Amino acid sequence: MSRRSLFALGLLPFALVACGPAEDIAVPEEATGTESQAACAPVTTVTFGTADNFGGGPDPLPYAPTALPEFVSYLNSQGIPTARLKTLDDSTANRHTVATLRHGLRGCFAPSCSLTLCFRARAHLDTPQDDRVTVYNTDFGTYGFPQVTSLPVVPALRATWNPGEAGTLCMPLDMSQVGDMLQFQMQDDSAVDVIWMTLSC
């Protein structure tokens, strides 16, 4: 299947920098983003969104309204209405930034590898000091969303996070808990410009 036909089906994320050429991508029935490849690069990065300093947005996401619909429903069931969700580059305060990350790296995971998720963010007015970042795996059998990690911005990712501060925040991910698609949530007084995942082996 060609890259063009995959785009026509809506099965590729924002940017695909995978472990093999695009023509080698095998898309399963669930369109989980699983890929098969013969070799993996020592360092592979997949980027979601555009590094445009919070401009030109909000950036599109692969699913409407702001993430995988089942993830939106899950957040709704946790007491977060869709009206309080936003996407990349959106600077509205008191809304959770959410994104679906179909990364296509799982076929490259090995015991000697490490996986890191980074993103560029900016603190809004209000109370960003209590913001938290949560990354969920995606269980396609039940559309459950087990947490891979959940960290407060302060002090886990930054020493301070005051209104107007901006920076790159990074967190390691336990590959044993990571499938082919992750869900990202940042609560709720920050904007996110771009997200990227790096696999180093």
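Begin by selecting Asp189, which is buried and yet has no salt bridge, the nearest side chain of opposite charge being that of Arg84, 6.9 Å away. Keep in mind throughout the tour that this is a predicted model.

With Asp189 still selected, show the backbone around it, and you will find the residue in the loop between strand S8 (181–187) and strand S9 (190–200). Next, display what touches it: leaving aside its neighbours within four places in sequence, Asp189 is in contact with a set of residues that includes Ala93, Asn94, Arg122, His124, Asp126 and Asp131.

From that set, move on to Arg122, and add Phe54 to the selection, since the two belong in one view. Arg122 lies over the face of Phe54, at 4.2 Å from the ring centre.

Now turn to the aromatic rings, of which the structure holds seven pairs. Select Tyr74 and Tyr136, which form an edge-to-face pair with 5.8 Å from centre to centre and 75° between the planes. This pair links distant parts of the chain, for Tyr74 belongs to helix H2 (residues 69–77) and Tyr136 to strand S5 (residues 132–137), 62 residues apart.

Is each of these two tyrosines buried or partly exposed? Tyr74 counts as partly exposed because its relative accessibility is 23%, and Tyr136 counts as buried because its relative accessibility is 5%; the cut-off for buried is under 20%.

As a last stop, keep both tyrosines on screen and add Phe71 and Phe145, so that you see the one aromatic cluster formed by Phe71, Tyr74, Tyr136 and Phe145.

How values were computed: Residues numbered from 1 in each chain as written. Predicted model: local features only at pLDDT ≥ 70, side-chain atom pairs only at ≥ 80, totals over all residues. Heavy atoms only, no water. Helix = DSSP H or I, 4+ residues; strand = E, 2+ residues; numbered from the N terminus. Buried < 20%, exposed > 50% of the residue type's maximum accessible area, 1.4 Å probe, protein only. Lys, Arg positive; Asp, Glu negative; His and termini not counted. Salt bridge = Lys/Arg side-chain N within 4 Å of Asp/Glu carboxyl O. Contact = heavy atoms within 4.5 Å. Phe/Tyr/Trp six-rings, centres within 6.5 Å; stacked < 30°, edge-to-face > 60°. Lys NZ or Arg CZ within 6 Å of the ring centre and 35° of its normal.
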